[in-house]
Amino acid sequence: MTKVLVAPSLLAADPLQFGDEIKSVEKAGADWHHVDVMDGHFVPNLTYGIPFVAALKKVSSLPLDVHIMVSNPDAVALDYVKAGADRVTFHVEAAIHAHRLTQAIRAAGAKPGIALNPGTPVEDVLPLIEDVDCIMFMSVNPGFGGQQYIRQTATRIKRVSEALRALGLDQKVLIEVDGGINAKTGAEVVAAGANVLVAGTFIFGASDRSVPIRQLQNLKN
């Protein structure tokens, strides 16, 4: 059994109170900060960029889990590493040379991850699972917070989890899930093999943020 890590999504935080919001979830027991980078091209929204990650690094006591939903990850991924990202996850749909990019991210000092959208076949990530530290499943269509969880996600996770076990990588490569996560959907994906949960509204919408964080961390896979 692998411990479930919780990464509150700053997309759901109050943008006028980022400093306080960051400290709040750190005090509440979060494991990582999840930073959603959107470029308005790969996904229909525009969010944080390199200066934000650099500023966040100065005040954060937790690893920065930076998810770059951008159309040109090959060109910009290393800029996020330089800015302070501890983990950089890019989309298999957008990368030109995905394998080369995983190697470049690792050589630059960060942990590489690869993400796939709900409509992307899981087979697209299988050639890369020995080269990454994390595989992220989008359980909503990327671009906006607060969307409804897509039920087929658990089946997709199970297929990759089985592939990792077959290669003896299930204790090395994390399976992360992003989108519509709460206690119920979190239990579903953890049972399928996930061990990192990204949650936005479920955490930042709580009056006591330690409660949802503990709920997710205590799920059993």
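Two strands count as paired if DSSP finds at least two bridges between them. In this predicted model, that criterion is met by β2 and strand β3 (residues 64-69), which pair in the parallel sense over 6 bridges. Within this pair, Met-38 has Met-69 of β3 as its bridge partner. The next pairing along is that of β3 with β4, again described as parallel, over 4 bridges. Here Val-66 is bridged to Val-88 in β4.

These pairings belong to an open sheet of 8 strands. The strand order is β1-β8-β7-β6-β5-β4-β3-β2, and the pairing is parallel. β1 (5-8) and β2 (33-38) form the edges, each pairing on one side only. On average, neighbouring strands of the sheet are turned by 25 degrees against each other, direction ignored. Strands of a sheet pair through backbone hydrogen bonds, either parallel or antiparallel.

Strand β4 (residues 87-91) is mostly covered. Of its 5 residues, 5 are buried. In a regular strand the side chains alternate between the two faces of the sheet. In β4, Arg-87, Thr-89 and His-91 point one way. Val-88 and Phe-90 point the other way. Residues of both sets are buried.

His-91 is also among the contacts of Asn-117. Asn-117 is found in the loop between β5 (111-116) and β6 (134-138). The relative accessible area of Asn-117 is 14%, which is under the 20% cut-off, so the residue is buried. Leaving aside neighbours within four places in sequence, Asn-117 is in contact with Phe-42, His-91, Glu-93, Met-138, Pro-142 and Arg-156.

Helices were examined next. Helix α1 (residues 18-27) and helix α2 (residues 50-59) have axes that come within 11 Å and cross at roughly 50 degrees. That angle makes α1 oblique to α2. The crossing of α1 past α2 is right-handed. From α1, the contact involves Phe-18, Ile-22, Lys-23 and Glu-26. These meet Phe-52, Leu-56 and Val-59 in α2. By class, the residues of this contact divide into 5 nonpolar, no polar and 2 charged.

α2 also packs against helix α3 (residues 73-83). Their axes lie 8 Å apart, at an angle of about 25 degrees. Angles under 35 degrees count as roughly parallel, and α2 and α3 are therefore roughly parallel to each other. Their crossing is right-handed. On the α2 side, Ile-50, Val-53, Ala-54 and Lys-57 make the contact. On the α3 side, Asp-79, Tyr-80 and Ala-83 take part. The contact of α2 with α3 has 5 nonpolar, no polar and 2 charged residues.

Two further helices complete the description. Helix α8 (residues 210-217) lies across β1 and β8 (196-199). Relative to β1, α8 runs at about 145 degrees. Ser-161 lies in helix α5 (residues 153-166). Ser-161 counts as buried because its relative accessibility is 7%. Not counting residues up to four places away in sequence, Ser-161 touches Ile-175, Ala-192 and Gly-193.

Technical notes. Residues numbered from 1 in each chain as written. Predicted model: local features only at pLDDT ≥ 70, side-chain atom pairs only at ≥ 80, totals over all residues. Heavy atoms only, no water. Axes fitted to C-alpha atoms, helices over the stretch in contact; angles between N-to-C directions. Helix = DSSP H or I, 4+ residues; strand = E, 2+ residues; numbered from the N terminus. Parallel < 35°, antiparallel > 145°, perpendicular 65-115°, else oblique. Left-handed = near helix turned anticlockwise from the far one by under 90°. Contact = heavy atoms within 4.5 Å. Nonpolar A, V, L, I, M, F, W, Y, C, P; charged D, E, K, R; others polar. Buried < 20%, exposed > 50% of the residue type's maximum accessible area, 1.4 Å probe, protein only.
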